[in-house]
Amino acid sequence: MSDQALDTYLHQLIALQETKDSERMMKAVEEVVVRFNEMNEANGYFIETMEREELADFIDKAARLTGLDIEEDEDITEEWREW
């Protein structure tokens, strides 16, 4: 499930890479974070400190690499993240 959510996220970002549509890129971030919120709740809150940091870092780095222009110290997952 988590692999599928991340694959979908990456495909969305790659599709938006040429246009660098920041609004749609942030929507993709929101969707993957909300999906992980749902998986975390449904599976006994499996996302712990180490996973949380790695997952947030992965989501952030993927968005930056595909062209999302954000502040260096900004956590783009924080607004929606419950894990």
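This report describes the helices, the nonpolar core and some individual residues of the structure above.

The model is predicted, so local features are taken only where pLDDT is at least 70 and side-chain atom pairs only at pLDDT 80 or more, whereas totals for chains, interfaces and linings use all residues. Residues are numbered from 1 along each chain as its sequence is written, and side-chain values use heavy atoms, with hydrogens and water left out.

## Helices 2 and 3

Helices here are DSSP runs of H or I with at least four residues, strands are runs of E with at least two, and both are numbered from the N terminus. The expected span of a helix is 1.5 Å times one less than its number of residues. Helix 2 covers residues 22–42, and its 21 residues reach 30 Å from the first C-alpha to the last, close to the 30 Å expected. For the 17 residues of helix 3, a span of 24 Å is expected at 1.5 Å a residue, and this agrees with its end C-alpha atoms, which are 24 Å apart.

A residue is called buried when its relative accessible area is under 20%, exposed when it is over 50%, and partly exposed in between, using a 1.4 Å probe and protein chains only. In helix 2 the buried residues are Met-25, Ala-28, Val-29, Val-32, Val-33, Phe-36, Asn-37, Met-39 and Asn-40. They are covered by elements including helix 1 (2–16) and helix 3 (49–65). Glu-30 also belongs to helix 2, but this residue counts as partly exposed because its relative accessibility is 23%.

In helix 3, the buried residues are Leu-55, Ala-56, Ile-59, Asp-60, Ala-62 and Ala-63. Viewed down the axis of helix 3, these buried residues fall within an arc of 165 degrees, so they line one face of the helix; the arc is that of the directions from the helix axis to the C-beta atoms. Met-50, Glu-53 and Leu-65 are exposed on the other side of helix 3. An α-helix has 3.6 residues a turn, so residues three or four places apart point the same way. Helix 1 and helix 2 are included in what covers the buried residues of helix 3.

## Positive phi values

Four residues with positive phi are listed in the table.

| Residue | Phi | Place |
|---|---|---|
| Lys-20 | near 50 degrees | loop between helix 1 and helix 2 |
| Gly-44 | near 70 degrees | following helix 2 |
| Tyr-45 | near 55 degrees | loop between helix 2 and helix 3 |
| Gly-67 | near 115 degrees | following helix 3 |

Lys-20 is partly exposed, with a relative accessible area of 48%, while Tyr-45, with 53%, is exposed.

## The nonpolar core

A nonpolar core is a set of buried Ala, Val, Leu, Ile, Met, Phe, Trp, Tyr and Cys residues joined through side-chain atoms within 4.5 Å. The largest such core has 23 residues, of which Tyr-9, Val-29, Val-32, Phe-36, Ile-59 and Trp-83 touch the most other members. Helix 1, helix 2 and helix 3 are the elements that give two or more residues to this core, and the largest share, seven residues, comes from helix 2.

Contact means heavy atoms within 4.5 Å. Apart from residues up to four places away in sequence, Val-29 touches Tyr-9, Ile-59, Ala-63, Ile-76 and Trp-80. Leu-55, which is found in helix 3, counts as buried because its relative accessibility is 10%. With neighbours within four places in sequence left aside, Leu-55 is in contact with Leu-6, Phe-36, Ile-47 and Trp-83.

## Aromatic rings

Rings of Phe, Tyr and Trp (its six-membered ring) pair if their centres lie within 6.5 Å, and planes under 30 degrees apart count as stacked, over 60 as edge-to-face and the rest as tilted. By this rule there is one aromatic pair. The rings of Phe-36 and Trp-83 have centres 6.4 Å apart and planes at 65 degrees, so this pair is edge-to-face. Because Phe-36 lies in helix 2 and Trp-83 in the segment after helix 3, the pair ties together parts that are 47 residues apart in sequence. Both Phe-36 and Trp-83 are buried.

A charge sits over a ring if NZ of Lys or CZ of Arg is within 6 Å of the ring centre and within 35 degrees of the ring normal. The charged end of Arg-81 sits over the ring of Trp-83, 5.4 Å from its centre.
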